[in-house]
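Open the model in your viewer and keep the selection box ready. The tour goes stop by stop.

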Amino acid sequence: MDIIKVRNKSEISEFHKLVYTLYKEQKNWIPHIEQDVETVFNPQKNSYHKHGEIERFILKKDNLTVGRIAVFYSKKNKSQNSLKTGGIGFFECINDQKTANLLFETSISWLKERNIEAMDGPINFGEKEKYWGLMVEGFDKHTVYGQNYHLKYYKNLFENFGFQVFYHQHVYCKDLKEPYPEKFYERAERIKSRPHFSMDHMKNHDYKKYAQQFIEVYNAAWGTHQTFKPLKLEQAEKMFRKMKAIIDQRLIWFGYYKDTPICFFIGIPDANQYLKYAHGNLNMMGKLKFLYHKTFNKTNTVAALVFGVIPKFQKLGLESALANHTTNKMLEDGYQYVIQSWIGDFNPKMIKVCESFLGSDIYQKLTTYRYMFDKKAEFKRHPIIK
C-alpha cells in the first residue's frame with residue numbers, strides 16, 4: 001500500500017471520490033459539500049491555519065484509493081491538564097483493520113514530529129459545529145448539514161486500534177406536534193402575561209442589528225464559563241451572512257424586556273434536505289438543484305443552532321415562553337421537527353433541557369475518541385460541566 005500526501009488536483013479528486021464508492025449503498029448518507037470541505041484546507045478561508053498546521057493523505061492499494069485521513073493540530077484547542085493534543089478528521093476507509101492502522105500510524109508519526117502527545121478524532125480543523133465525531137447510532141436517519149455520517153464498522157476500526165471514548169455527542173429530535181409537560185405551559189403563560197415582554201423575529205436581513213443583539217445575550221449567557229471567550233460583533237455578523245442562502249427569518253427569534261434583548265432562538269431549515277440533490281458538489285448545476293428544491297420542496301425539519309437567556313432572566317419561565325412561542329410559529333409555517341445537535345455527554349444540564357424540559361428523543365449519537373501516545377499516561381474523559 002502507498003500512503004500519499006495530497007498535493008495536486010488529481011489527488012484532491014481522489015480524496016473526495018472515495019466516499020462515493022464506500023457509501024453507495026447507504027440510503028441515508030448525504031455527502032458533505034466538496035467546496036465546504038476544501039475550505040478547511042485553505043489558509044485564506046480557515047483562520048485555524050494561523051494557529052496550527054494540517055496535512056492530508058490518501059492510501060492506495062493496487063492503484064485504487066482505499067483510505068483517506070487528515071491530521072492537524074491547533075494552538076487554539078487547549079486540552080485538559082496541558083496535554084498537547086492534535087486531531088484527525090475526514091477519515092474514510094475500507095473495512096480492513098490493517099488499512100485503518102496505517103492511516104492512524106501515519107497520523108501519529110506526523111503529530112509526534114510536532115511534539116504532540118495525543119490525538120482526538122474524528123474532529124475538525126475548525127469550529128465544532130461541523131465534521132465532528134464518529135456516528136455510532138442512528139444509521140437509519142439522515143444527518144443535518146455539517147454533521148458526520150459514517151459506516152458502522154468504523155467504530156471497530158477506531159476501538160481495535162486503541163482509541164478510547166473521550167465523550168459522546170447526542171443529537172436530539174423534537175416532534176413539535178407532541179405536547180410539552182403541563183408545567184411548561186404554565187411557565188410560558190406566566191411570562192406571556194407580564195408587561196414589557198415581547199418577541200419578534202428577524203426582519204429585512206439587517207445582519208448587523210441582529211448580530212449585535214445576539215452577542216449581547218450570548219456573551220452574557222455563556223460568560224460565566226471559565227474557558228469562555230466573548231464573541232465579537234464581526235464574528236456574529238459573519239455567522240448570519242454565512243446562513244444567507246438558507247436563512248428563514250421566521251426561525252430567528254429574539255425576546256425583549258423594555259426593548260432590551262434578553263433571549264434568542266436561532267434555527268435554520270435543514271439544508272441537507274436541499275443539498276442532497278447536489279450530490280456533494282455545489283458547482284453551477286449543484287447550485288441550480290439546490291435553489292430549485294429550496295423553492296419548491298420545503299423541508300419540515302429545522303436545525304436548531306443555538307438558544308440563550310441572559311442570567312438575570314433565567315429560571316423565571318422565559319425558556320418555556322420562548323420555546324412555546326417559536327414552536328407555535330414553526331408549526332404555522334409547516335415545520336414539524338427540530339433537530340438539536342452536538343449535546344456533549346459532559347453537559348448534563350443541556351441533556352436535561354433536551355430530554356426533560358423539551359421532551360426530545362435521541363435521534364443519533366456520535367463519539368469523539370482520544371488516543372494517548374504514551375501508554376503509561378493517565379487517560380481521562382472530558383470533564384463534566386457543572
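Two strands count as paired if DSSP finds at least two bridges between them. Keep that in mind for the first stop. Note too that this is a predicted model.

**Stop 1: the hairpin**

Select residues 52–61, strand E2, and residues 64–74, strand E3. The two run antiparallel, joined by 10 bridges. They form a hairpin with 2 residues between them. Pick Asp62 in the turn: its phi is positive, about 55°.

Now add strand E1, residues 2–5. E1 is antiparallel to E2, with 4 bridges joining them. Center on Leu59. Ile3 stands opposite Leu59, and Leu59 also stands opposite Gly67 in E3. Is E2 mostly covered or mostly open? Mostly covered: 8 of its 10 residues are buried.

**Stop 2: strand E11**

Jump to residues 301–309, strand E11. Of these 9 residues, 7 are buried, so E11 is largely enclosed by the rest of the structure.

Which strands pair with E11? Select E10, residues 260–269: it pairs with E11 in the antiparallel sense over 7 bridges. Ile268 stands opposite Ala303 here. Then select E12, residues 337–344, which runs parallel to E11 and is joined to it by 4 bridges. Val302 stands opposite Val338 in E12.

Add helix H10, residues 318–332. E11, H10 and E12 make a right-handed β-α-β unit.

**Stop 3: Asp270**

Move to the loop between E10 and helix H8 (272–275), where Asp270 is found. Asp270 is buried yet has no salt bridge. Which side chain of opposite charge is nearest? Lys276, 7.9 Å away. A salt bridge needs a side-chain nitrogen within 4 Å of a carboxyl oxygen.

Show the contacts of Asp270. Leaving out residues up to four places away in sequence, Asp270 touches His142, Thr143, Val144 and Tyr145, and also Thr299, Thr301, Val302 and Ala303. Val302 and Ala303 are back from Stop 2, where they stood opposite Val338 and Ile268.

**Stop 4: helix H6**

Finish at residues 207–222, helix H6. Put a distance on its end C-alpha atoms: they are 21 Å apart. At 1.5 Å a residue, the 16 residues should span 22 Å, which agrees.

Color the buried residues of H6: Tyr207, Tyr210, Ala211, Gln213, Phe214, Ile215, Val217, Asn219 and Ala221. What covers them? The cover includes strand E8 (197–201), helix H7 (233–242) and strand E9 (252–257). E10 and E11 from Stop 2 are part of it too.

Methods:
Residues numbered from 1 in each chain as written. Predicted model: local features only at pLDDT ≥ 70, side-chain atom pairs only at ≥ 80, totals over all residues. Heavy atoms only, no water. Buried < 20%, exposed > 50% of the residue type's maximum accessible area, 1.4 Å probe, protein only. Right-handed = clockwise from strand over helix to strand, strands pointing away. Expected span 1.5 Å × (residues − 1). Contact = heavy atoms within 4.5 Å. Lys, Arg positive; Asp, Glu negative; His and termini not counted.
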